Amino acid sequence: MGEQRIHRESEAEALRLFKRKVLADLTALEHLLENGRIESGIARIGAEQETCLVDSAYRPAYENLTLLGELADEHYTTELGRFNVEYNLDPLAVGPDCLDRLEKQTRELLERLREAAGRHGLEVVLAGILPTLDISDLELEAMTPLPRYAALNEAFNRLRGGEYHLRIKGLDELLIRHDNVMLEACTTSFQVHLQVDPGEFALRYNTAQALAGPVLAACANSPLLFGRRLWRETRIALFQQSIDTRPTTRHRRQQPARVSFGQRWLKDSVLEIFREDVARFPALISAPIEEDSLAVVAAGGVPKLAALRLFNGTIYRWMRPCYGVADGKAHLRIENRILPAGPSVVDEIANAALWIGLMRALPEELGDPSRRMDFAAAHENFVSAARLGVSAHFDWPGRPNVPAQQLLTEVLLPLARAGLEACGVDSGATDRYLGIVGERVARLKTASLWQLSSLAGFSEESSLARRLAALTSAMISRQKSGEPVHEWQPAELEEAGRRARYYSRVEQFMVTDLFTVHEDEVIDLVAAMMDWRHIRHVPVEDQDHHLVGLVTHRALLRLLARGEDRGRAIPVKEIMQREVVTCRPETTTLEAIAIMRRHRVACLPVVEDDRLVGIITERDLIALAAHLLEDELSK
């Protein structure tokens, strides 16, 4: 996430001074490009690996700073969430053994992180979205306590001017609102960097945009969020919505988002992207920048362009242009941000191999994609891949409405092979990594489909928390095996281990598929609902889902016993209980039981911000006790 020495103050003057530095850096970059002072003639690759930390119950573990302190290695760094650790791979020249070396270092750094985590009883997971993440893990206490993240949260909240609203529809639908930027922390990636010649930047960048959809389709690994089955690569929708600062409006004004695919093909230079972003987006944060980049350029030196790089780090294009300095030379990179973390290290390197090979070969096959396909088609391909994965259909030059599986198998995998051969990559490595992608696509067994099929195989009688824990446990064990995902066996419920740990909090087993009524509804409907659904309690909500009362079967029995007003349509509000005992999602199970005993109630509505989010009843607690007794007897 870059420089940590961030000014916490948000005064306009500090941001104006910082923006001047950004503009100066742009001028300096323009001078470097015009005078041929950006490195060319060599291609390098690098990567950033984001990971999740989990405890013995496979829940997020807020221990990144503890592990980083013990590791004391500059390869490792923080991310937004305290349950995330990122590590950066060393750049490698593209050549015979570059992919093997990339895999070797990725594994070595992962093993070191696993060892450090193991000393604290923790595990490390590679997952586009950790299945066991819950909305309660996204409070500010879960944010890494460093100035940069606090400043980003404050800046995004200021620009947004209200709550974050998330709406994603797939097989299930997710509608939530949140009050901070931590939704972004749900997403973890394997971000691949490719150094390109400055004179070819527009061509290579357009190629990356054209490839985004087909490559993503083969690599999807994020089908679940908060237990909901959404897009095959839900990361895409989640990340875009999680930091969208645009206000809603009645007018048709176009407002680009900070997370975007882009709006058009690139014509000439990387400067087009930087200039557009600087013109469109305000600076979110500032930092003390001592470098005078124009003076450095005038003196023949190589500037760091720290202000531009910091600003660019707050613009989240899925294909992000990057400026860097290595060994005293300036260079340009394309950062591929679409690839999810996992499902295994070898799968990640295979994904990188597919992309790198295609980045080399596709221009020779198509030329500049901007001359062969509409930008809207490339964007639609990307969205379709995120939604449907390898089941998507694409609009491809010469192949309209082609199935993703067919396009990858017949066209893109052979092209990627030719591209890696042209880069001088060892044929054995090419066969291995592209073979993994080929098998995954041919069998329609991406990581997303493995998760969904495993989840479908679990008994629905088990709690959702236990099913998601079993899925996470299985991911960890199979990642450690080193096998690619197309060889994985489905997860089994027993892999979650003992059930007690998955019933420790109310949110882990509360019922969220609720039947409720409004206080003005006729009481006959409540009686019918109780009969139809075999329930004994019906919550009463207002239009904003605020809990305003509760109707119990006892109240109905008392009404019938009185035998009064049988010809009148009695509204719910006349018999509902207005003073309702409730709990919160994070309430422990023992606390909930104590509340129910103390108040002599048979159900507890679960509320958050006065809104109804779930309910638990005596029946749920009896089922829970039965599960725990079964575990004890099976010892």
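Visitor: Which residues are linked with Glu 103 in a network of salt bridges?

Guide: Glu 103 shares that network with Arg 107 and Arg 432. A salt bridge here is a side-chain nitrogen of Lys or Arg within 4 Å of a carboxyl oxygen of Asp or Glu. Before we go on, note that this is a predicted model, where local features need pLDDT of at least 70, side-chain atom pairs count only at pLDDT 80 or more, and totals for chains, interfaces and linings use all residues. Residues are numbered from 1 along each chain as its sequence is written, and side-chain values use heavy atoms, with hydrogens and water left out.

Visitor: How many salt bridges are there by this rule?

Guide: The count is 33 salt bridges.

Visitor: What makes Glu 108 and Lys 104 a salt bridge?

Guide: Their closest N and O atoms are 2.5 Å apart, and the rule asks for within 4 Å, so the pair qualifies. Both sit in helix α3 (residues 98-118), four residues apart, which puts about one helical turn between them. Helices (H or I, at least four residues) and strands (E, at least two) are DSSP runs, numbered from the N terminus.

Visitor: Why is Lys 104 called exposed, and what is Glu 108 called?

Guide: Buried means under 20% relative accessible area, exposed over 50%, and partly exposed in between (1.4 Å probe, protein chains only). Lys 104 has 51%, so Lys 104 counts as exposed. Glu 108 has 40%, so Glu 108 counts as partly exposed.

Visitor: What does the salt bridge between Arg 229 and Asp 172 tie together?

Guide: The closest N and O atoms of this pair are 2.9 Å apart. Arg 229 lies in strand β10 (residues 228-229) and Asp 172 in the loop between β6 (164-169) and β7 (173-178), so the pair ties together parts that are 57 residues apart in sequence. Asp 172, at 19%, is buried, while Arg 229, at 31%, is partly exposed.

Visitor: How do you know that Cys 583 is in no disulfide?

Guide: A disulfide is a pair of cysteine sulfur atoms within 2.5 Å. The nearest cysteine sulfur to that of Cys 583 belongs to Cys 603, 9.9 Å away, which is too far for a bond. By this rule, the model has zero disulfides.

Visitor: Are those two cysteines buried or exposed?

Guide: Cys 583 has a relative accessible area of 4%, so Cys 583 is buried. Cys 603, also at 4%, counts as buried too.
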